[in-house]
Amino acid sequence: MHANSLQYITKAQADYARCIDDDRLEEWPSLFHGPCLYKITTASNYRDGLEAGIVFANSRGMLTDRVSALREANIYERQSYRHILGLPSILSEDGAKVKSETPFMVARILQDGDTSIYATGRYFDVYEIVDGVAQLHERTVVCDSSRIDTLLALPL
Amino acid sequence: MNKIVLPPEASTPANWPEGLTRVPYWVFQDQSVYAEEQRKIFQGPNWHYLALEVELAEPGDFLTTHIGDTPVIVTHDTDNEIYAFENRCAHRGALICLENRGKHRKDFSCVYHAWNYDPQGNLTGIAFKDGIKGKGGMPDSFKMEQHGPRKLRIAIVHGLIFGSFSEDVPSIEEYLGEEILNHIERVLGGRKAVVLGRFTQVLPNNWKLYMENVKDSYHASILHLFFTTFELNRLSMKGGIIVDESGGHHVSYSAIDREAEKDVDYAKQQLRSESEYKLADPTLLESFDEYQDGCTLQILSVFPTFVLQQIQNAIAVRQIVPRAVDRTDLNWTYLGFADDTREQRLTRLKQGNLVGPAGYISMEDGCVGGFVQRGIAGASEDQAVLEMGGAEANSSESRVTEASVRGFWKAYRANMGI
Ligand code: FES
Ligand SMILES: [Fe+2]
């Protein structure tokens, strides 16, 4: 295992979480590289090999559209997230390609201050390490629960 | 001296305004109404969606679900029939089955005292029935055949399994009527469905507020701004709604109007969409012509709590399960078909973004019921207004109408006897 992979991935994870929690969603698509795959699903769908996602994007353009829709079209109560990430585990390493699994917990804060644990789960990621930077190619967000409270607006 | 003024007496279910254009808010708030609905609607003479036939494809397959509050087990037995029975032990009421779904099940054993049931819901065994060494055990007068969870009647239409607690419910064909049946057949008939994913959306509102929303064709282009914002609406669309005779079932559809399309300056329409297209990845909406009828959207509901959806190539069934007066589970099952090509399957996965808890044109439906539930909190004596498109509950060529919402209340009141 490349000694620094874990460090590079940890930095990428921290940047990702801050991007969403700081409401810099316009920058979120640029965190993805290469062909880009982003999907949110549930542990039970993941286990059963069911393909559909709550969100499914196989291009950065689709991520951009998701953000534009959230900003311009969709109607939902103002809210923000706080991502708490666990330590990444490196699942496999093949040259510069690294697969990892990272546990997360996301609290959702609604406009009236009501705060709840909105989602817990795991990120299954594929990174490419380029010049000391872990570039995210694929992220499958696997939520532990199949139940989504009210709606899912902001990305996980 | 201070005088205490007592609030006026709360309305009772008998106080329903005349006609179909008013809905008193207490119907979304009252605990006794909720309890009455369980008895009269969910245990009453209606058909309730339970599962897809493909989810119970082989003998030994089973799953658990709910009809209203009532937990239910659905099975595929070795005689190749589908059965359903209450998930409640005949002994002292524990859940018989704790799993969501599974395979190769020959019997069900209650964990509490191991009373045992076959896949048809018959009580087949009682632990220590004859006691130990002649002491204890059940009395001889106890007959196993006289005990068991309630069994449901089953009906299957185009791969959809429905169940009913009622002996009085008409056949499913009669219940749905020809028009609704035809529109179910249009989406599912003769095809082998494949489950692509399952999600549950927890709605912070009464179940009827979601059913109203499903049947409300008036809100579609107003609340859901995705198509408008990205200028994806076609100039020449036609649409309409169908409300069945009972009022309880409906179809809302929109289709490309090929006649009108010939009339309008088609080149100009193309130009317009190209120049103002705002999606960074327009492949989201690259559909394939699945039904060869130009119909891009068909939302169909069956009273009380089932929805079949076709939005372009995003096919799904939705099961609505009331959990409390102000809490409802919305169970989504996304579908494809066994003969999908890889490209078609990818199209369905992409168009899944339109629907569900994060759907571009459905996410608002997850919160708007909660806005009503919170909005009416102090106004149980007040009433909703349903006058868009008149006072009747009939089919209509306009979708700017609340006719199918009025239809829902017509069927609801008939069921509830109010
Ligand atoms: S409650 Fe089921 S065996 Fe006793
Ligand atoms: Fe809607």
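Where in chain B is the place of H158(B)? Select the loop between β10 (153–157) and β11 (160–164) of chain B and H158(B) is there. Helices and strands here are DSSP runs, numbered from the N terminus: helices are H or I with at least four residues, strands are E with at least two.

Before going on, note that this is a predicted model, in which local features need pLDDT of at least 70, side-chain atom pairs count only at pLDDT 80 or more, and totals for chains, interfaces and linings use all residues. Residues are numbered from 1 along each chain as its sequence is written, chains are lettered from A and ligands numbered from 1 in the order in which they are written, and side-chain values use heavy atoms, with hydrogens and water left out.

**Stop 1: backbone outliers in the loops of chain B**

Stay on H158(B). Its phi is positive, about 45°, although the residue is not a glycine. H158(B) counts as partly exposed because its relative accessibility is 30%. The cut-offs are under 20% relative accessible area for buried, over 50% for exposed and partly exposed in between, with a 1.4 Å probe and protein chains only.

Next, select Q312(B), in the loop between β16 and β17 (314–324) of chain B. Phi of Q312(B) is near 50°, again a positive value in a residue other than glycine. Is Q312(B) buried or exposed? Its relative accessible area is 17%, so Q312(B) is buried.

Then select P304(B), in the loop between β15 (295–302) and β16 (306–311) of chain B. The peptide bond that leads from F303(B) to P304(B) is cis, with omega near 0°.

**Stop 2: the hairpin of β3(B) and β4(B)**

Select residues 62–67 and 70–76 of chain B, which are strands β3 and β4; they pair in the antiparallel sense over six bridges. Two strands are taken to pair if DSSP finds at least two bridges between them. Strands of a sheet pair through backbone hydrogen bonds, either parallel or antiparallel.

I67(B) stands opposite T70(B) in β4(B). The two strands form a hairpin with two residues between them, and G68(B) in the turn has a positive phi of about 60°. Now add residues 101–102 of chain B, strand β6: two bridges join it to β3(B), and the two run antiparallel. To locate this pairing, pick L63(B), whose bridge partner in β6(B) is R101(B).

**Stop 3: a three-stranded open sheet**

Move on to the open sheet of chain B with the order β7-β8-β9, where the pairing is antiparallel. Its edge strands are β7 (108–109) and β9 (123–125), each of which pairs on one side only. Strand β8 covers residues 116–117 and pairs with β9(B) over two bridges. One residue pair to display is N116(B) with its bridge partner G125(B) in β9(B).

**Stop 4: β12(B), where chain A joins**

Select residues 193–203 of chain B, strand β12, which includes V202(B). Of the 11 residues in β12(B), 10 are buried. β12(B) pairs with strand β18 (residues 327–337) of chain B in the antiparallel sense over 10 bridges; R198(B) has T333(B) as its bridge partner in β18(B).

Which strand of chain A pairs with β12(B)? Strand β8 of chain A, residues 147–149, does so in the parallel sense over three bridges. D149(A) has V202(B) as its bridge partner.

Centre the view on V202(B), which counts as buried because its relative accessibility is 6%. With contact meaning heavy atoms within 4.5 Å, and leaving out residues up to four places away in sequence, V202(B) touches R147(A), I148(A), D149(A) and T150(A) in chain A, and R327(B), T328(B) and D329(B) in chain B. For a distance label, use R323(B): its C-alpha atom is 9.4 Å from that of V202(B), with the two positions 121 residues apart along the chain.

**Stop 5: chain A as a whole**

Finally, show chain A alone. Chain A has three helices and eight strands, arranged along the sequence as α-β-α-β-α-β-β-β-β-β-β. Its C-alpha atoms fill a box of roughly 45 × 30 × 30 Å along the principal axes. Of its 156 residues, 51% count as buried. Among contacts in chain A with a separation of 6 or more, 58% are between residues 24 or more positions apart.
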